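Visitor: I should like to learn how a helix packing is read from a model. Please begin with the structure itself.

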Amino acid sequence: MNVLKVSGWKIAAFVLPCLFIYSLLVFVPILVSFYSGLLDWNGIGAAKFIGLKNFEKMLTNDPIFWPAVGRTMLLAGVSMCVQLPLALCIAILISRYVRKPNFLVSSYFLPVILSVVVIGQLWKTIYNPASMGGMINQILESLGLNSWTHSWLTEPKIAVYSVIVVALWQYLGYHILIQFTGIQNIPSDIYEAAKIDGASGLKADRYITLPLIVPIFKISVVLSFIGSLQSFDLIMVMTGGGPAHATEVVASLMYNMSFLSMKYGYGSAIASFLVILCLAATIIINGLFSKLDKRYS
């Protein structure tokens, strides 16, 4: 059989243009952002080089920054511990008990394709006080649970949890689709052989589904964690980071500092921190899943 041999320079001729464009669109802006973080600049006038003072202020002298990091990690943690296991359970149930699952999976995926503005405005209406037609408060009042009613988006202690619920609801279908696809790609012969040996139901899921879906689940974990770190649009639509910075996350703080407070250099320092955080999270997650791959290989 003839094997087509391609020289290295021909491969480079195809790869290098794409690599150049990718670097121009990704790596160059990151480097520019790091450099801008070394400046005292409002984004319009003359810039003054101040070294690492923006980073020093961010890490040691900003009362808003670390609480914003905490809320970002809270969103990521809830997404990892609640959203992904729930998505996996739903995907397993659909693949096992639904004969024609495509419509149901598409229904779960519908919130993902809706505009964030539409979702934000929809849930702001749901969270409204009962006097303004808020569905949650109206239901609670009809059940005689008036003490449970709240101003869900204006009370600092519960506003962040209200936004997290919406974020989990919006992207649940996305992870259901990913994990359902992974389960569907597991050969049915494996389940049939396991059933003959007496392994079915939860036992089959434990010893077949979960080990074989690890690479797909890894994709969900990475996308969920990195997406939580970069969460911005939904928060800006629903609360703008308020009330009193109670729903501020790293990405919204970066925006508010750069474009509302006109502290572009400081906002770039926050953006640089976010890039490092995303990179570190990706490395850690890949390391953990490489250990799982070795365990099940």
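Guide: Two packed helices are described by the angle between their axes and the distance between the axes. Here helix α4 (residues 102–113) and helix α7 (residues 156–184) pack at an angle of about 135 degrees, with axes 6 Å apart. Helices are DSSP runs of H or I, at least four residues, numbered from the N terminus. Axes are lines fitted to C-alpha atoms over the stretch in contact, and angles run from 0 to 180 degrees between N-to-C directions. The model is predicted: local features need pLDDT of at least 70, side-chain atom pairs count only at pLDDT 80 or more, and totals for chains, interfaces and linings use all residues. Residues are numbered from 1 along each chain as its sequence is written, and side-chain values use heavy atoms, without hydrogens and water.

Visitor: Which residues in α4 meet α7?

Guide: Val105, Tyr108, Phe109, Pro111 and Val112 in α4 meet residues of α7 including Trp169, Tyr174 and Phe180; contact means heavy atoms within 4.5 Å.

Visitor: What should one check in the backbone?

Guide: Most residues other than glycine have a negative phi, and most peptide bonds are trans. In this model, the peptide bond from glycine 242 to proline 243 is cis, with omega near -5 degrees. Proline 243 lies in the loop between α11 (233–238) and α12 (250–260). The loop between α11 and α12 also holds histidine 245, whose phi is near 65 degrees.

Visitor: Where does methionine 262 lie?

Guide: Methionine 262 is in the loop between α12 and α13 (264–296), and its phi is positive, about 60 degrees.

Note on methods:
Helix = DSSP H or I, 4+ residues; strand = E, 2+ residues; numbered from the N terminus.
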